[in-house]
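User: I'd like a close look at the cysteines in this protein. Could you walk me through what they're up to and what sits around them?

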Amino acid sequence: MLNAADKPADRTDWIGPALVIALAVTAFRVVMLAFNRTDLFVDEAQYWLWGQEMALGYYSKPPLIGWVIRASTELAGSDAPFWVRLPAPLFHMATALILGAIAAPRAGHRAAIWVTATYVTLPMVTVGSLLISTDTIMVPFLALAFWAWLRCLDRGGVVGWAALAGLSLGVAFMAKYAAIYFIICAALAALASWRARPGWRPAAAGLVTFLIAISPNIYWNLANGLTTVEHTLDNADWVRAPGERASLNLAGLAEFLAAQFMVFGPVLFAGLLILALRYRRCDTGRQMLLLFSLPILGIVCVQALLSQAYPNWAATAYLAGTLAVVPWLLDGHPRWLTGSMAFHVFLSILLPIATVFGTGWRFGPDDALLLERYLGRKEMTQAILSVADDKGLTTVVADDRDVLADMFYGASGGPLALYARPRAGRAPDHYALKYALPVEVTGPVLLVTKRSKPPEGCPLDSLGRLAPKDGAYAHRTQKLFIVPAECLQLPATAG
């Protein structure tokens with residue numbers, strides 16, 4: 001693999017075939033999304049709520065995902081799950097084409113087509129196109145930043161390209177803080193190779209535009225007690241007190257690494273590991289790509305070893321990872337690449353079909369629903385609304401984030417006032433932070449709680465429990481009580 005500077009000219013004959021592939025896959029996903037029978041997951045419902053608020057930041061994430069969902073639902077004039085999720089397949093299609101544009105001058109038009117087709121069918125992309133997540137909103141801007149940064153390097157350090165890279169990276173950062181890995185990788189690459197050193201002026205231009213792009217969220221965090229930063233530290237809780245909280249979680253590391261074979265695909269992840277072992281034997285172009293992939297994987301592996309890491313936390317590693325592995329397989333192991341593509345296409349067809357026809361599919365020794373956590377949420381909301389209506393109550397208070405997310409989405413615009421149960425200390429979620437029961441509310445309210453015991457010392461009327469056999473609440477029994485709102489207030493704020 002050569003750097004773009006070593007190529008005589010950029011070729012564009014890859015664009016037509018790559019665009020056809022990306023459009024075909026995306027069109028299938030959009031059609032299946034229109035018939036998707038799953039409910040919004042708790043995170044998706046929360047992102048939708050953020051879009052209603054249109055702030056510069058939120059409890060657990062930067063604001064871009066809320067803005068994107070708001071734009072989609074406003075343009076459609078509907079808050080249906082289809083419109084909430086529609087940006088997902090479109091953003092992944094854009095990412096695939098940007099990666100193709102990066103690959104074309106470095107590995108040729110054939111590799112560019114394969115890179116586009118591979119990315120758009122990656123297992124993580126297939127799943128990410130069925131729901132809306134911050135990773136999905138981040139990746140096209142991160143890919144654009146990488147494209148512009150490589151253009152800057154290929155042309156000897158052009159300030160304009162560096163500024164575009166910084167701006168794009170800032171927008172990616174406004175979707176998810178994991179975009180910051182890019183700066184770490186760029187620094188490591190600059191240390192490793194003179195080709196990755198843009199010069200001080202381009203580096204400064206990129207940094208300035210990056211800071212300008214993220215300044216709204218910096219302001220919001222400073223004005224809100226660094227709420228999002230605090231939540232990010234909670235996710236990597238060992239950094240607060242390494243001596244007390246850090247421990248060697250070898251099982252967690254093994255589980256995380258095993259999951260990556262499904263996140264990136266078994267052949268591709270194996271290929272990435274092989275290239276990591278052969279790093280010194282790779283040409284400078286491939287080494288550059290690996291330096292924008294392997295450090296991210298290494299950082300998240302450390303997190304998995306010292307605490308825990310979710311499988312998607314290394315997703316940003318697989319942008320450059322795809323660019324490094326696919327041309328290598330295409331040149332030296334085309335049958336493995338073909339087999340990998342066949343497996344990915346199979347999943348790309350199966351998983352969307354499952355969301356339409358597979359809501360009753362079961363698996364495992366417990367005979368659990370395959371899509372359990374995406375089902376039964378609408379029914380729980382309706383059951384709570386029915387109880388409140390039967391009892392003539394106009395206020396519902398809940399302490400379960402899932403219930404709150406489902407209620408705020410499913411009962412939006414209705415007659416009920418919805419609140420989170422107040423918590424002492426730092427708020428554990430967005431609802432407790434922004435929608436805690438205010439002291440002005442008095443009289444009887446419907447308390448929906450996952451706690452086994454009712455509030456102590458409160459006069460109450462027990463209404464039993466909601467315990468569905470299937471779906472998201474099969475293992476999250478909710479108990480219902482009628483209690484005075486005053487009983488739920490914190491001692492320091494009551495009265």
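Analyst: Here's a walk through the cysteines, followed by the strands next to them in the sequence. Keep in mind that this is a predicted model.

The count comes to one disulfide. The link runs from Cys 458 to Cys 487, with the sulfurs 2.5 Å apart, and it's left-handed, at -130 degrees about the S-S bond. Cys 458 sits in the loop between strand 5 and strand 6, while Cys 487 belongs to helix 23 (residues 485–488), so the bond ties together parts that are 29 residues apart in sequence. The two ends have their own surroundings: Cys 458 is buried, at 12% relative accessible area, whereas Cys 487 counts as partly exposed, at 27%.

What about the cysteines that aren't in a disulfide? Cys 185 is in none, and its nearest cysteine sulfur, that of Cys 301, is 13 Å away. Cys 185 is buried, with just 2% relative accessible area. Cys 301 is likewise in no disulfide, with the sulfur of Cys 185 as its nearest, 13 Å off. Cys 301 counts as buried too, at 15%.

Now for the strands. Strand 5 (residues 444–449) runs antiparallel to strand 7, joined by six bridges, and one of the pairings puts Leu 446 with Ile 482 of strand 7. Strand 6 (residues 461–466) also pairs with strand 7 in the antiparallel sense, over four bridges; there, Leu 466 stands opposite Gln 478. Strand 7 itself (residues 478–484) is mostly covered, with five of its seven residues buried.

Note on methods. Residues numbered from 1 in each chain as written. Predicted model: local features only at pLDDT ≥ 70, side-chain atom pairs only at ≥ 80, totals over all residues. Heavy atoms only, no water. Buried < 20%, exposed > 50% of the residue type's maximum accessible area, 1.4 Å probe, protein only. Helix = DSSP H or I, 4+ residues; strand = E, 2+ residues; numbered from the N terminus. Pairing = 2+ DSSP bridges. Disulfide = S-S within 2.5 Å.
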